[in-house]
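User: Could you take me through this one, starting with whatever is bound?

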Amino acid sequence: MSATAIVGANWGDEGKGKLTDVLAAQSDLVVRYQGGSNAGHTIINEHGKFALHLLPSGVFYPHVTNVLGPGVAVNVPYLLREYGEICGRGIPAPRLVVSDRAQLVLPHHLLFDAAEEDRLGARKFGSTRAGIAPFYTDKYAKLGIQAADLYAPDRLRARITQSLEAKNVLLRHLYGREPLCVDAVIEEVLSWADGLAPFLADTTELMHDAVASGKEILLEGQLGALRDPDYGIYPYSTSSSPLAGNGSIGAGVPPHAITRIIAVTKAYSSCVGTGPFVTEIFDEDAHELRQRGGDAGEYGATTGRPRRMGWFDAVATRYGCRVQGATEVALTNLDVLGYLDEIPVCTAYEVDGNSTGRFPVPAKLDGARPILETHPGWKCDLREVRRYEDLPTTARDYVERLERLIDTPIRWISIGPRREEIIVRTP
Ligand code: GDP
């Protein structure tokens, strides 16, 4: 009878997709509220293994209405392709609803994302080139196109014409590329209209009705707290807020409806792309953890890029839980650490010669050094365990130490990538 947000406490890739898939079973609606096709969730269930990028993680349950809220960057061809692929693998056609206010990723967003990364060369941010930064730039510069504009051709033409005037100057003179033709862009964008039409709706009404009638709502965050443009590691951040607080805006539910916020974190750290990563490990240590992590090694679900690896960072995670407003934590990938004799954990940072438990501003983060303590490993396979009390004492000690460090109750412990590989810890 409330909304639950499942969000990342770290850099993304914490295993939110798996948890959303587990909780979607008891939900009526699963809603994406920000981001676009630039990150992926990995879900493994009885139908197989899926990497979802734009579709909400409730698509495997016929009873769930999956919603893309107004805050999402909707790449229409990508969405329709992903939907078609799911159906093509024998999943019953998911119930999908896209907000008529959601804005669309346009051909020039993709073009500008790639052109800017190429221009930056070695200084690039490691964009996934999915057009997300140019999309949100245009949204807030009031140059975006809402889904409903596809069915208002005069408005569409006027808005694209206005947007391309300035963009073509940049394309020609900054990036040395051919200008875009307004007619060609309009033709391409209009070609999406028929495919998108069956999914479009006023999701603001839908969400408010769902709240009023006591439906179970799951808000699904993309990436994690440390990618937030304000609270994260700017500028190695994403262009929309992955915080649960933004779930209210991006999904269209009243703030007071979000009563439960589950922050997901791994039992170690991983990070894709550039930027400071205080507990990073390298060489053989990193290679071994990367190969053993996740369901098939720690490689980006969208990009295939090897993830950077590190020990559990209690400073970053406590901060991540705080800015998310986490009411509870899901700790994933605990099984992965079963090979280690000793497990390091970062309990504090050394910044400017002082030890601190506070997560510093980005300007101080490059110089931060991890202060580590070590825990005895459990040296066994945890994937068959289903009850907390059946975990080895050393594993429980590890979980309880992390819980104290991050100051948030760990209610879920994931010990494998599959749906059933989860331990629910009652208070
Ligand atoms: P998300 O974007 O937060 O959903 O995370 P990703 O799907 O990108 O990355 C999480 C990875 O960990 C995926 O490969 C999952 O299949 C995998 N995974 C999730 N939970 C567990 C777990 O408890 N144990 C193991 N071994 N893998 C897990």
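**Ligand and cavity**

User: How many residues surround the ligand, and which are the closest?
Analyst: The ligand is surrounded by 20 residues (each with a heavy atom within 4 Å), and the closest are Lys16, Gly17, Thr42, Asp295 and Ser414. This is a predicted model, where local features need pLDDT of at least 70 and side-chain atom pairs 80 or more, while totals for chains, interfaces and linings use all residues. Numbering runs from 1 along each chain as its sequence is written, and side-chain values use heavy atoms, without hydrogens or water.

User: Which backbone atoms lie by the ligand oxygen atoms?
Analyst: Taking polar contacts as N or O pairs within 3.5 Å, a polar backbone atom of Lys16 is 2.8 Å from a ligand oxygen atom, while for Glu14 a backbone N or O atom lies 3.1 Å from a ligand oxygen, and for Gly416 the distance is 3.1 Å. Of the 580 Å² of accessible area that the ligand has on its own, the protein covers 97% (Shrake-Rupley, 1.4 Å probe).

User: Changing topic, what lines the largest cavity?
Analyst: Asn10, Trp11, Gly12, Asp13, Glu14, Lys266, Tyr268, Ser269 and Ser270 line the largest cavity, a cavity being a set of points on a 1 Å grid over the protein atoms alone where a 1.4 Å probe fits but cannot get out, with lining atoms within 4 Å of a point.

User: And why does it lie between two domains?
Analyst: Because domain 1 (3–101 + 199–261) and domain 3 (264–424) both contribute lining residues, with bounds from an automatic or database assignment.

Note on methods: 1 Å grid on protein atoms, 1.4 Å probe; cavity = no way out; pocket = protein on both sides within 12 Å on 5 of 7 lines; lining within 4 Å. Polar contact = N/O pair within 3.5 Å; in protein donor to acceptor, adjacent residues only side chain to side chain.
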